[in-house]
Amino acid sequence: MQIKRAYTNWHVITGGPSTGKTTVINMLDERGYNTTIEHARHYIDTMRIEGQTVEDLKKNKRKFQLGVLDMQIEQENAIQPEDLVFLDRAIPDAMAYYQFLMLDYDEKLLDAVKNTSYKKIFILDRLPFIKDYARTEDEEDQKKIHQLIIEVYTSLGFPIIHVPVLPPNERVEFILNNI
């Protein structure tokens, strides 16, 4: 895939479900760094307010993925390239989820990925899986999604740093020492 690489100062915090991404993002936010939200959870929360259940949302896999992708694209389009930002997932994560769900890539996804640029990708090593209202995956799914995320970012040529399992504060320090 031909990718147009423009400079950005954006750092992606990613990994499979239940790897501590949101905890790390929240701690970075508390320290005064610019951060973003995870859009899958935000999309679910928005649709639940409108009366839909998580099960209903995830029945139409493509519609769900496109809803999340639209939010992610809008968010990334609103960030200035020079801003130091930590993203809770990024557009290429959608490619891993499409593969996991056995969906063909949409043209919208491919176009969005072609225009992505990130300074570094921090992939958080897996933690014990914890199920919650928004996660319909199980531990085997967590492993598969995590591996797909690694493969997607590797195939796109982004610089990847694996963040080991450490106490949350130490994970944040590890990330800050590697930006």
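This is a short group-meeting talk about the fold of one protein chain, its sheet and its first helix.

Okay, hi everyone. One thing up front: what you see here is a predicted model. Let's start with the whole chain. There are 179 residues, and 48% of them are buried. The chain has eight helices and five strands. If you read along the sequence, the pattern goes β-α-β-α-α-α-β-α-α-β-α-β-α. I also like this number: take the contacts between residues at least 6 apart in sequence, and 77% of them join residues at least 24 apart. As for the outside, the accessible surface is about 9000 Å², and carbon and sulfur atoms account for 52% of that.

Now the sheet. In what order do the five strands sit? The order is β2-β3-β1-β4-β5, in an open sheet with parallel pairing. β2 and β5, residues 160-163, are at the edges and have a single partner strand each, so one side of each has no neighbour in the sheet.

Let's walk through the pairs around β1, which covers residues 10-14. β1 is joined to β3 by four bridges, running parallel. β1 also has four bridges to β4, again parallel. Ile 13 is a handy residue to find on screen: its bridge partner in β3 is Asp 88, and in β4 it stands opposite Phe 122.

Over to β3, residues 85-88. Which of its residues point which way? Val 85 and Leu 87 go one way, Phe 86 and Asp 88 go the other, and all of them are buried. That fits a general rule: in a regular strand, side chains alternate between the two faces of the sheet. β3 also pairs with β2, residues 34-35, in the parallel sense, over two bridges. There, Thr 35 has Phe 86 as its bridge partner in β3.

Last stop, helix α1, residues 21-30. Which of its residues are buried? They are Lys 21, Val 24, Ile 25, Met 27 and Leu 28. Look down the axis of α1 and these buried residues fall within an arc of 165°, so they line one face of the helix. And what do they pack against? The answer is β1, β2, β3, β4 (residues 120-124) and helix α8 (residues 168-177). After α1 comes Gly 32, with a positive phi, near 95°.

So, to recap: picture an open sheet of five strands with parallel pairing, and α1 with its buried residues packed against β1, β2, β3, β4 and α8. That's it from me, thanks!

How values were computed. Residues numbered from 1 in each chain as written. Predicted model: local features only at pLDDT ≥ 70, side-chain atom pairs only at ≥ 80, totals over all residues. Heavy atoms only, no water. Buried < 20%, exposed > 50% of the residue type's maximum accessible area, 1.4 Å probe, protein only. Pairing = 2+ DSSP bridges. Arc of directions from axis to C-beta. Contact = heavy atoms within 4.5 Å. Areas by Shrake-Rupley, 256 points an atom, 1.4 Å probe, with all protein chains shown as cover.
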